[in-house]
Each structure stands twice: as C-alpha cells, then as structure tokens.
Number of protein chains: 2
Amino acid sequence: MKEINVGIIGFGTVGAGVADTLLKNSELIAKRMGFRLVLKRIADLDITTDRGVQVPQELLTTDAFQVTDAADIQVVVELIGGTTFAKTIIQRAIEHGKSVVTANKALIATYGEELFNDAARKGVDIGFEASVGGGIPCIKALREGLAANHINQIYGILNGTCNYILTKMENDRADFEDVLTDAQKNGYAEANPALDVDGIDTAHKTAVLASLAYGKWFTAKDITTEGIRDVTLTDIECAARMGYKIKLLATIKSEGTAIELGVHPALVPASSLLGNVSDVFNAVWVEGDVVGKTMYYGRGAGRQATASAVVADLVDIGLNLCNGCSRRLPAFPCYSEGLQPTEFATRFYIRLLVEDKPGVLAKVGTIMSRHNISLSSVSQDESGQGQGEVPMILLTHQASGDAMSLATQELAALSEIHATPVVFRIENAL
Amino acid sequence: MKEINVGIIGFGTVGAGVADTLLKNSELIAKRMGFRLVLKRIADLDITTDRGVQVPQELLTTDAFQVTDAADIQVVVELIGGTTFAKTIIQRAIEHGKSVVTANKALIATYGEELFNDAARKGVDIGFEASVGGGIPCIKALREGLAANHINQIYGILNGTCNYILTKMENDRADFEDVLTDAQKNGYAEANPALDVDGIDTAHKTAVLASLAYGKWFTAKDITTEGIRDVTLTDIECAARMGYKIKLLATIKSEGTAIELGVHPALVPASSLLGNVSDVFNAVWVEGDVVGKTMYYGRGAGRQATASAVVADLVDIGLNLCNGCSRRLPAFPCYSEGLQPTEFATRFYIRLLVEDKPGVLAKVGTIMSRHNISLSSVSQDESGQGQGEVPMILLTHQASGDAMSLATQELAALSEIHATPVVFRIENAL
C-alpha cells in the first residue's frame, strides 16, 4: 500500500490532536482511501512536555527545517500560528516541493495571495480546511459542494470564544467582564483576548470565506469589524424578550457587483438555526442561487475538531499525490473585477437610556423620521420608572447604515438621552 | 479552455433544473474550475412539454441511447428514477466508458454494489451527492470532510415530504390524512405517497449513508423501517408540551462491531438543531470520534437544490477528467467484517388511553417494572376526565427495544387500556 509521509511543525494543542488522530485512525483511513498517512516527524521548540499522546521519541526534533527540508516527507503541517515564522516555514516547505496543510487563518487572510502563488509555481497544494469553522468541513462545502452556485450570502458564527461568552452571559445572567475572566481561567479565552473578542479572528475567517466565494483576494482590512465588548447583559435580555439572540456574526452579502463584508454583534431570531448555535460551537450559513439556504455546524476549535479538518486535508492531498493530480482543484481562483464595497440596508436594534418625561418619544420619533428610518417596534420598560430615566428599545425596518449613523449622532446629542445609544444590526434572513 | 460534455437522461423537474443551472452558471464554474461544462444532449420520452428552461431544440432526443452511447459525451446524468431502465442506462453508459451522475437513492441502495463494481472495472466515476439530502453536500462531508473519523452515529431528517407533513400537522393543528391530501394537491407529496410516508425513501438514503460510513454494502432490507402514518396530532401536541418535536428520523448508531440502522418517528428536543429543521428542509447530523458533533442542513429535494448537488458532482468528475485522475476517491470501499445488527437501548414515549378508575397506574407501573423499564415521567391529562377514559403519557429512561415490545404487549392486553399503545423513540443525544 502506498504511504504518504507527514511532518508536523508545532506540537501544541492542535499538533498533538493531529498526531493522536494519525496514530489512532490511520488504519481506518487506509482502508477507506487505499493509502496510508504516516507520521514521520514532529518539530517544536519544546519536545519534552507531555502532550497526552504517545509519539516515538525519534520522531521529535526542535528544528523545523528538519521537516520542511526532509527528503522523506511529502506533506508539511504548519500549526505554530502567527504570520512570521509560520510564513517562513510554509514558503520553505513549498520551495522544497512539499504540499502544506495549515489551520492559520491570519496567515491566509494576510499573505494568502503570495503563498498560493508560490504553491502554484511549485505545483503543490495548500490545504486550509481547519482555518475556518474548526472541524466543520465548510471550506470543502463552499469550494466543491456548492461549486454550481453564485453565493448570495454567508452568515457565520466563527469564533468559539465569543460564542461561549455570549451564551454564558445569557445563561448565567452575567456581565461580559465576569464571563471573560471566567473563560480565561477555564482555557476558553486567551490571556490576551483581543484577537477573539474584538472580532479580528472572525474577520480573518470572513476574508477567507469571501475570497473563496467571490474570486478575489480579501484581507481583514476589507472587513468592517466590531467585537463583543460593548454587548451588555441588558442588551442580551432585551433581545431575548423580543425573540432574539445576540451573536457575533460574520456577514457577507452580494448582489450583482455590490458586496458587503462585515463582522458585527447582531440580533438573530431565537428560533432560527443560527440562534440555536451555542457555547463553543460554530456554524456557517451559506445561501446559493441554486441550492438556496444551507448550514454547516460543529465545533469551531479545540484539539480534536481542528485535527479532524487537518487530517481531512492530508487525505485530500494524499489522494492527489497517489493519483498524480496535485492542484486538481484550483485553490483561490481570481476572476472577479469591479466588486463594489457596499453597505446593504438592514434592520437595527437601538437601546436608549431616556429621561422619564413627556415629549421624549416625540423627539426620538422626529429624528428617526427625518432620516427616513421607519420603526417596527418601540418598547419602554416600566422597571426603570421612578429613577428619572428609563431604557427605550427601538427596532427598525430596513434602513441604510449611513442614515442610522446620522440618526444615532442626533439621538446622542439630545439632552434627554443619558448614555451613548447602543446600536446593533438585526439579521432576519436566516 | 477544456470542455466536458454532459448528457442528461430524464427531462423532468430535476433534469430541467440541471439544464437550467448549466446554462446559467457554466461561465462562473469555468472561471472557478478552469474547464467548461457543456450541455450536449437531453433525452426524454417527452421532449415537447415546456420545462421553463430555454434549451436549443437540437439538443433534445427521445432516445436515451443517443446519450449513453454518444462518442462526444463524457458524463451521463441519470434522472429518470426507478430501478429498472435507470439501471440499464447507467450500465450502458459505463460500458461506453462514461462517468455517471445520479440522484437515484433507490437504485444505489438496491444495486449499488453491482453498479460500483461495473464502474471500477471500466475505470469511471459515479457521482451520487444528490441521492441523499438534496442540495446539502452531505455525501462529500461524510466521505471526504470527515475522512479522519470513525463515525459514532448519524441522525437524519432525510425526507422533505414527511418533514413538511409533520411540520404542517403541528402548525395547523391538523390530522395526518388532511395534511397529506393538502400536500398532494400542492405537489409536496406524490399521488402514491407510500415511498415517502412509509419511510422507504428514508430507508434507501439511510442505506447509502451507512454503507459509506461503515465500509459494507447495506440495502433497505437491513433498515428497520417505520413511517409516519401512525403519528397523530395528539402525539405531536403531547410531545410539544414536554419540550419535544416528532420527526421521521434515520438513525445509525455504532459501537465496536455493533450497529443499528433504523427509520422511526422519534421525539427530539424542540430546542435542538434537529428539532428546528422544519418544512421541506433536511438535515444530516453526524458524530465522529475526532470531530465530535456536526450537522449539515438545507433543502432536501426540489428542482434547484437537487440540481446544485448534481452539478457539484459534474464539477468533481470534470476535475478528474481534466487531471487524468478518474476514480481518485474510492467510491464505496468495503472493509468491514463481522458487523452485528444490534438494537441499542433508547428512551421511549408511550401514549395510553386508560380507563379512568383507581388502580390503573399501579398495573401499568407493575408491567414496566417487571420488564426493568424505569419511567422518567408520567402525566395524565385532566381534559379527558368524565368521559371514562383518559390519555396517559409515559416517558422512559434508556430501555431495550425487546423489553419495550414485551411490555407494550402486556399493556395492550390490560382491559383498562382502551386502544393500542402508541410507542415512539426519544433521541436526546443531539
């Protein structure tokens, strides 16, 4: 039976998961695919810490180039993260004629164009299923399963840490900061949580999905990005009372040459499938012009789930190598010209803290009306009465983002409005 | 640019959808994939009816063999259904060295082993993504995306007609027969609905999924199959009160060499993702030993959704043809031996119509206890009181199917129980 030799660089959580999966399921994979994936070498600066997986000592090295340059390795798995040394080793592996598998969304979103050009020049593959949606085979679904479709829109819950925090805030009726601290203690959030909670990780993943869907390289710079630090328990509870959940949503919308790419906290119907994606789970919702609405759901991160996607890429590349058809599937074909960044009209949720006196609603209504924003619901909570100020929740019909910005500025300037207005999008088309 | 010539046999709903998709999106596919899918011929006995798609008259023929035997066609799409002439034309196309794409689950579940052996002998591919889950790329997810996983279990809502009927019964508070008649009028159910409502179509799809997941050919004969004719509005409402929905569920469970394959109406938590799959939508829930829980959702049938899957197969086969790697991915590798058909313990819902007099609960409890079935909940509805008989709902903890059958027989024999006990499974592991 043919063998495909694999080297891993980065023996952290995911690296250990990949090694474990290869050791555990290689025989099953061999029976299914007709070739064997053989774990040949693992490089990490730390090769002494116990990773909970039994790897023969002689496979371990502290020198990444022992993997990238090795004559006996056909596929290199990059799992060190970051965009500096990770880039170096991927390029070096490619120069040595090896295909590469990576889970590094930041790297692809930032240097994808360069790396995939390198791979094309050398005739090798880069697998990146694990870069979006963890173990969910969503890249494969988008590139292959939905190949017949123009993609109309994509919604994604793509960051497990944010989804865990938002779910926990709702379930425990807790504030963002408390849940974040707790998540950091339990290993669900990094010591520096910015990459997750500020939406940057989601923006990288959004760039990868958009580049695949629309045939043009997008980077995180093209994605309007907001995180979840401004989502309060009050908002989660107000949304719940109106039948919504708040999720950090990657939003990709397309119509003709107009395209919108964003990452925003957004209200989605509590009864929708996306509204029921909880905890660390991820989901990618894709609507195509032929297939209609589809959704892909699973664990978005973690040792095992990510390993499942990495090994699926190894299988794909192994099939190509065994059949002499590397680069069978074009990676990031660029074919789109003249795409226009656009902000499509959407619905909005607005929470105001207003002075409890006559005439405020009229002033608010006048401002909204002046900007042509029509309200679908207004609710003022009685619970705050007697303290001189009350929360007021407005839900709008479809409105332009520009109109909403101007209206929000005017609302904020009213002396009867006591705090900065909170504005989130509502996405109903799920 | 390379061209791959496609012939379609069967110009019904799906055939028209495939033709439409090829005419509409071939350019987009060409930009993405580097080759063009060209619609070369369409065969149907009726080539005069308007299918709502503009196909040049010279492409149409009434002779299927003008497609199967044509020197200028590389891939044949079989969309006539059934297991007789469909089999003939697929075998004839294969004999002529052509790859085949089919949406025919009955054919694969019945003659798959023979057809895939034929294809292997001639070195051609058979694509069958559209055979399960309509437009959802669930076959690709299972074969490729989850290739690294031993599959622990699969739950599927695989028949759009049944799911539409069950959703409609719940929403409109209507009886099965009324909704079925309505569905037949609206084209959501066939004049002869047996294939759908008796679970046979779901059993075919279950056989395909199980064969792929476990490396052994299963047919519908291996699937314990119940349909939805016995699901009453009363059961749907009782289930709803306890936080459940009733779905026709394909159930595949595996542990070691033990395997259970079934199609049953089952209660699933209303708050689970599967519980929120409504109307004609389908979903496939797959749990792997590495990836954990995943789910794939979309339209399970219909002209467009099915066409999306058929054309995805055409793209896959086109990539193989353009890269000289036909049969790159082994189709149905057979590697499992000694699998033991098993019935795993599960939870049950039991609805009894009992005489409203003292001592009945004790008798029911005694029977359940004798068979070692422990109850998690008992509820007796007050509404029936005064008429001499009342409905009683029992929910059990995990129990064996054999014990449950014996207990049900004894319950039915009690003079205080006035109708045949209704028993459905409860699937909580979602």
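Colleague: Which strands of chain B does helix 1 lie across, and at what angle does helix 1 run to strand 2?

Modeller: In this predicted model, helix 1 (residues 13-33) of chain B lies across strand 1, strand 2 (35-43) and strand 4 of chain B, and helix 1 runs at about 165 degrees to strand 2 of chain B. Helix 11 (residues 303-322) of chain B lies across strand 1, strand 2, strand 4, strand 5 (99-102) and strand 6 of chain B, and its angle to strand 5 of chain B is about 165 degrees.

Colleague: How should I read the sheet itself, and what is the order of its strands in chain B?

Modeller: The general idea is that strands of a sheet pair through backbone hydrogen bonds, either parallel or antiparallel. Here, chain B has an open sheet of 6 strands in the order 3-2-1-4-5-6, with parallel pairing. Strand 3 (60-61) and strand 6 (126-127) of chain B stand at the edges with a single partner strand each, so one side of each is left without a neighbour in the sheet. Within the sheet, strand 1 (residues 2-9) and strand 4 (residues 75-78) of chain B pair in the parallel sense over 4 bridges, and Ile8(B) stands opposite Val77(B) in strand 4 of chain B.

Colleague: At what angle do helix 3 and helix 4 of chain B cross?

Modeller: The axes of helix 3 (residues 85-95) and helix 4 of chain B come within 10 Å and cross at roughly 10 degrees. Angles under 35 degrees count as roughly parallel, which means that helix 3 of chain B is roughly parallel to helix 4 of chain B. Among the residues that make the contact are Ile90(B) and Ile94(B) of helix 3 and Leu107(B), Tyr111(B) and Leu115(B) of helix 4 of chain B. By class, the residues of this contact of helix 3 with helix 4 of chain B are 7 nonpolar, 1 polar and 4 charged.

Colleague: And at what angle does helix 4 cross helix 9 of chain B?

Modeller: The axes of helix 4 (residues 105-122) and helix 9 (residues 200-214) of chain B come within 8 Å, crossing at roughly 55 degrees, which makes helix 4 of chain B oblique to helix 9 of chain B. The crossing of these two helices of chain B is left-handed. Helix 4 of chain B contributes residues including Ala109(B) and Gly112(B), while helix 9 of chain B contributes residues including His204(B) and Val208(B). The contact of helix 4 with helix 9 of chain B has 5 nonpolar, 3 polar and 3 charged residues.

Colleague: Turning to the two chains, what turn and shift lay chain A on chain B?

Modeller: A turn of 180 degrees with a shift of 0.0 Å along the axis lays chain A on chain B with an RMSD of 0.0 Å, which is the relation of a two-fold axis. Tyr296(A) is the residue of chain A that comes closest to the rotation axis, at 2.4 Å (C-alpha).

Colleague: How many residues does the contact take from each chain, and which element of chain A supplies the largest share?

Modeller: The contact takes 52 residues from chain A and 52 residues from chain B. On the side of chain A that touches chain B, the largest share, 9 residues, comes from helix 11 of chain A, and the residues of that side divide into 26 nonpolar, 18 polar and 8 charged. Because 100% of the interface residues of chain A are also interface residues in chain B, the copies meet through the same surface. Strand 12 of chain A and strand 12 (residues 292-299) of chain B pair in the antiparallel sense over 4 bridges, with Gly298(A) opposite Thr294(B) in strand 12 of chain B.

Terms used
Residues are numbered from 1 along each chain as its sequence is written. Chains are lettered from A and ligands numbered from 1 in the order in which they are written. This is a predicted model: local features need pLDDT of at least 70, side-chain atom pairs count only at pLDDT 80 or more; totals for chains, interfaces and linings use all residues. Axes are lines fitted to C-alpha atoms, for helices over the stretch in contact, and angles run from 0 to 180 degrees between N-to-C directions. Angles under 35 degrees count as roughly parallel, over 145 as roughly antiparallel, 65 to 115 as roughly perpendicular and the rest as oblique. A crossing is left-handed if the near helix is turned anticlockwise from the far one by less than a right angle, and right-handed if clockwise. Two residues are in contact if their C-beta atoms, placed from the backbone, lie within 7 Å. Ala, Val, Leu, Ile, Met, Phe, Trp, Tyr, Cys and Pro count as nonpolar, Asp, Glu, Lys and Arg as charged, and the others, Gly among them, as polar. Copies are superposed by least squares on the C-alpha atoms of residues with pLDDT of at least 70 in both. Two strands pair if DSSP finds at least two bridges between them.
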